[in-house]
Amino acid sequence: MNGLRADGLGLARDLADWLETVRPGVQMLICPPATLLSDIAALAASGPLLVGAQDCHHRASGAHTGDLSAAMLADAGASHVILGHSERRSQGEDSALVAAKAAAARLSELRPLICIGETLMEREAGLAGTIVARQLHDSLPPGLDADSIIIAYEPIWAIGTGRHADAGTIAAMHALIKAELATLLPGGGDVRVLYGGSVTAANAAGILHLPGVDGVLVGGASLKPADFKAIALAGLGGA
């Protein structure tokens, strides 16, 4: 929940122009607040920048004041939508609702980016793998394939807490997620799995070169153009 029209458009225009100068291999998706979605989608329409929404309702229409359907977001220019973000799960959103939203997104030809991850209490109890596998199972609606979704692993205990997941933890959890996906979906082992635990310009290169990490889901650093560009380049080994 950041950015007014001038700020959001300026940031998006800067990123779109910069992407045109970067060698092939960088894919960037930005998910602005819904108030900026149509303007930024129009700006990005003919270029390499992808645009998504931050959430959608699971119903196609109805008496849901203040909510937006997947069809509305697609109509505004979105191609993707984040679902089950840790901030929303922490406010009571469960995996069944995430699955319903993902089904609605696919009906409107949006690609869901589904977030999963454990709390500090669950990790310290030795339940991280069990919790993440269960969230993954319960958050996927029927009828998906490897090309229709993206998964983001967000260890909740490593977001804005000053704690960081080490390389071994990240690699192990991504391996677990990919193994689970291989059993759940046709070609599931090829689903892109992103890491989203306080990614910064300083740690992005180390994370992006870990086995099983196909990209990163960036929070606060995405509001700083220089940091966001550095993160995008990190997977390519620099500028």
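Two residues are in contact when heavy atoms of theirs lie within 4.5 Å. With that in hand, welcome to a quick tour of this predicted model. Leaving aside neighbours within four places in sequence, Asp-55 is in contact with Leu-73, Val-81, Ile-82, Leu-83, Arg-88, Glu-93 and Lys-101. From there we move to the strands around β4, an aromatic pair, two cysteines and helix α7.

**Asp-55 and its surroundings**

- Asp-55 sits in the loop between β2 (50-53) and α3 (70-75).
- With a relative accessibility of 18%, Asp-55 still counts as buried, because the cut-off for that class is under 20%.
- Two polar contacts engage its side chain: one of 3.1 Å with the side chain of Arg-88, and one of 2.9 Å with the side chain of Lys-101.
- Both of those partners, Arg-88 and Lys-101, also appear among the contacts of Asp-55, alongside residues including Val-81 and Ile-82.

**Strand β4 and its partners**

- Strand β4 covers residues 111-116 and is mostly covered, with five of its six residues buried.
- On one hand, β4 pairs with strand β3 (residues 80-83); the two run parallel and are joined by four bridges.
- One place to look for this pairing is His-80, whose bridge partner in β4 is Arg-111.
- On the other hand, β4 pairs with strand β5 (residues 150-153), again parallel and again through four bridges.
- Here you can find Ile-114 standing opposite Ile-151 of β5.

**The aromatic pair**

- Searching the whole structure turns up one aromatic pair.
- Its members are Tyr-153 and Tyr-195, with ring centres 6.1 Å apart and planes at 50°, so the pair is classed as tilted.
- Tyr-153 belongs to strand β5 and Tyr-195 to strand β6 (residues 192-195), so the pair ties together parts that lie 42 residues apart in sequence.
- Both Tyr-153 and Tyr-195 are buried.

**Cysteines without a bond**

- The count of disulfides is zero, where a disulfide would need two cysteine sulfur atoms within 2.5 Å.
- For Cys-56, the closest cysteine sulfur is that of Cys-31, and at 12 Å it is too far for a bond.
- Cys-56 is buried, at a relative accessible area of 2%.
- Cys-115 also has Cys-31 as the closest cysteine by sulfur position, but the 9.4 Å between the sulfurs is too far for a bond.
- Cys-115 is buried as well, with 1% relative accessibility.

**Helix α7 and Val-132**

- Helix α7 spans residues 128-139; at 1.5 Å a residue its 12 residues should span 16 Å, and its end C-alpha atoms are indeed 16 Å apart.
- Its buried residues are Ala-128, Ile-131, Val-132, Ala-133, Gln-135, Leu-136 and Ser-139.
- An α-helix has 3.6 residues a turn, so residues three or four places apart point the same way.
- Covering the buried residues of α7 are elements that include α4 (86-89), α5 (95-107), β4, α6 (120-124), β5 and α8 (167-184).
- Val-132 is a good residue to zoom in on: it lies in α7 and is buried, with a relative accessible area of 1%.
- Not counting residues up to four places away in sequence, Val-132 touches Ile-116, Gly-117, Glu-118, Tyr-153, Met-173, Leu-176 and Ile-177.
- Tyr-153, one of those neighbours of Val-132, is the β5 member of the aromatic pair.
- Leu-73, a contact of Asp-55, is 28 Å from Val-132, C-alpha to C-alpha, and 59 residues from Val-132 in sequence.

Definitions and conventions:
Residues are numbered from 1 along each chain as its sequence is written. This is a predicted model: local features need pLDDT of at least 70, side-chain atom pairs count only at pLDDT 80 or more; totals for chains, interfaces and linings use all residues. Side-chain values use heavy atoms; hydrogens and water are left out. Buried means under 20% relative accessible area, exposed over 50%, partly exposed in between (1.4 Å probe, protein chains only). Two strands pair if DSSP finds at least two bridges between them. Rings of Phe, Tyr and Trp (its six-membered ring) pair if their centres lie within 6.5 Å; planes under 30 degrees apart count as stacked, over 60 as edge-to-face and the rest as tilted. The expected span of a helix is 1.5 Å times one less than its number of residues. A polar contact is a pair of N or O atoms within 3.5 Å; within protein, one must be able to donate a hydrogen and the other to accept it, and residues adjacent in sequence count only if both atoms are side-chain atoms.
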